[in-house]
Amino acid sequence: MLFCMKTILWATLTANGNYARSTPAHPPRPEALADFATQVGAASNFIVGRQTFQEFQSQPQRSATDAGAVFAQADVVVVSRSAELKGPAVVTSPQAALAYLRERGHATALLAGGERLHNAFLAEGLVDELCLNFAPTFEDEGLRLRLPPGGFERLQLLDSRALGGGVWQLRYAFVRA
Ligand SMILES: NC(=O)c1ccc[n+]([C@@H]2O[C@H](COP(=O)([O-])OP(=O)(O)OC[C@H]3O[C@@H](n4cnc5c(N)ncnc54)[C@H](OP(=O)(O)O)[C@@H]3O)[C@@H](O)[C@H]2O)c1
């Protein structure tokens, strides 16, 4: 049976609006990671790009804490045009990722990154809500979440709250009426 499923794009941004990069030298804020675990717990799934998935796997200390527990209990969907991975479902397009979760009865799909996958979903108009955590960091040119050239969408602010450690969460819905 087909039913409506909401897609939430989850991302941590820097104070200058970049899509924050995670590196060993500059790991994500613990408050943002804890929020990711909370969001995954609520959705029971997440969709992730092949690059980000493999970055998670290469950081054993993170896998042992937040991501490890999350991976074990959630429906994890990796989007890749060609990768063969042991464990998660692998699909070849954003649409296929949503179809996979819809068929499994999920009411919400949580989109976890990275930059290219987020922008692919945004370009296809597949995102219903944004859950953005603004971390107190500032970067160089960095990564960007964006629509294709000429794109413009109106948003409605749904909620804002402090997550602690100087991280603020803003939630928006796309207004498409
Ligand atoms: N700030 C945050 O909240 C946050 C969260 C997660 C990650 N990140 C950051 O994001 C960066 C990684 O982003 P990224 O853009 O390099 O990688 P990514 O989006 O995680 O993965 C890119 C890969 O996903 C697949 N893919 C993407 N779009 C696709 C499409 N439309 N159809 C089919 N497959 C598609 C392709 O895999 P194949 O090459 O296998 O075909 C592509 O090479 C890192 O710096 C990471 O730290 C930030």
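Asn119 lies in helix H6, where helices (H or I, at least four residues) and strands (E, at least two) are DSSP runs numbered from the N terminus. The model is a predicted one, in which local features need pLDDT of at least 70 and side-chain atom pairs count only at pLDDT 80 or more, whereas totals for chains, interfaces and linings use all residues. Residues are numbered from 1 along each chain as its sequence is written, and side-chain values use heavy atoms, with hydrogens and water left out.

At 14% relative accessibility, Asn119 counts as buried, the term being applied under 20% relative accessible area, with exposed meaning over 50% and partly exposed in between (1.4 Å probe, protein chains only). Leaving aside its neighbours within four places in sequence, Asn119 is in contact with Arg144, Leu145 and Arg146, contact meaning heavy atoms within 4.5 Å. Asn119 is one of the buried residues of H6, and the others are Glu115, Leu117, His118, Phe121 and Leu122. An α-helix has 3.6 residues a turn, so residues three or four places apart point the same way. The buried residues of H6 pack against E1, E2, strand E3 (75-79), helix H5 (94-103), E5 and E8. H6 is followed by Gly125, whose phi is positive, near 65°.

From Asn119 the path leads to one of its contacts, Leu145, which is found in the loop between strand E6 (129-134) and E7. Leu145 is partly exposed, with a relative accessible area of 24%. Not counting residues up to four places away in sequence, Leu145 touches Glu115, His118, Asn119 and Leu122, together with Leu9, Ala11, Leu13 and Tyr19. Leu145 and Leu13 are 132 residues apart along the chain, while their C-alpha atoms are separated by 9.3 Å.

The ligand gives a further view of H6. Strand E1 (6-13), helix H2 (50-57) and helix H6 (115-123) each supply at least two residues of the shell around the ligand. Of the 26 residues around the ligand, those that come nearest are Ala20, Arg50, Thr52, Ser80 and Arg116, a residue being near a molecule or strand if one of its heavy atoms lies within 4 Å of it. A polar backbone atom of Ala20 is 2.8 Å from a nitrogen atom of the ligand. On the side of H6, a backbone N or O atom of Arg116 lies 2.7 Å from an oxygen atom of the ligand, and a backbone N or O atom of Glu115 lies 3.2 Å from an oxygen atom of the ligand. A polar contact is a pair of N or O atoms within 3.5 Å; within protein, one must be able to donate a hydrogen and the other to accept it, and residues adjacent in sequence count only if both atoms are side-chain atoms. Taken alone the ligand exposes 930 Å², of which the protein buries 86%, with accessible areas coming from the Shrake-Rupley method with a 1.4 Å probe and, for residues, only the protein chains shown counting as cover.

Just before H6 in the chain there is a feature of the backbone: a cis peptide bond, with omega about 0°, joins Gly113 and Gly114. Gly114 has its place in the loop between strand E5 (108-111) and H6. Elsewhere, Ser44 has a positive phi of about 65° although it is not a glycine. Ser44 lies in the loop between helix H1 (30-43) and strand E2 (45-49), and Ser44 is partly exposed, with a relative accessible area of 34%.

In helix H2 is the place of Glu55, which is partly exposed at a relative accessible area of 31%. Glu55 and Leu111 are 56 residues apart in sequence and, C-alpha to C-alpha, 16 Å apart in space.

Two arginines complete the path. Arg171 has its place in strand E8 (residues 167-175) and, at 16% relative accessibility, counts as buried. Not counting residues up to four places away in sequence, Arg171 touches a set of residues that includes Ile8, Gln39, Glu129, Leu130 and Cys131, as well as Gln156, Leu157, Leu158 and Asp159. Arg154, in strand E7 (residues 154-164), is exposed, with a relative accessible area of 54%. Under the same exclusion of residues up to four places away in sequence, Arg154 touches Ala173, Phe174 and Val175. Arg154 and Phe134 are 20 residues apart in sequence and 20 Å apart in space, C-alpha to C-alpha.
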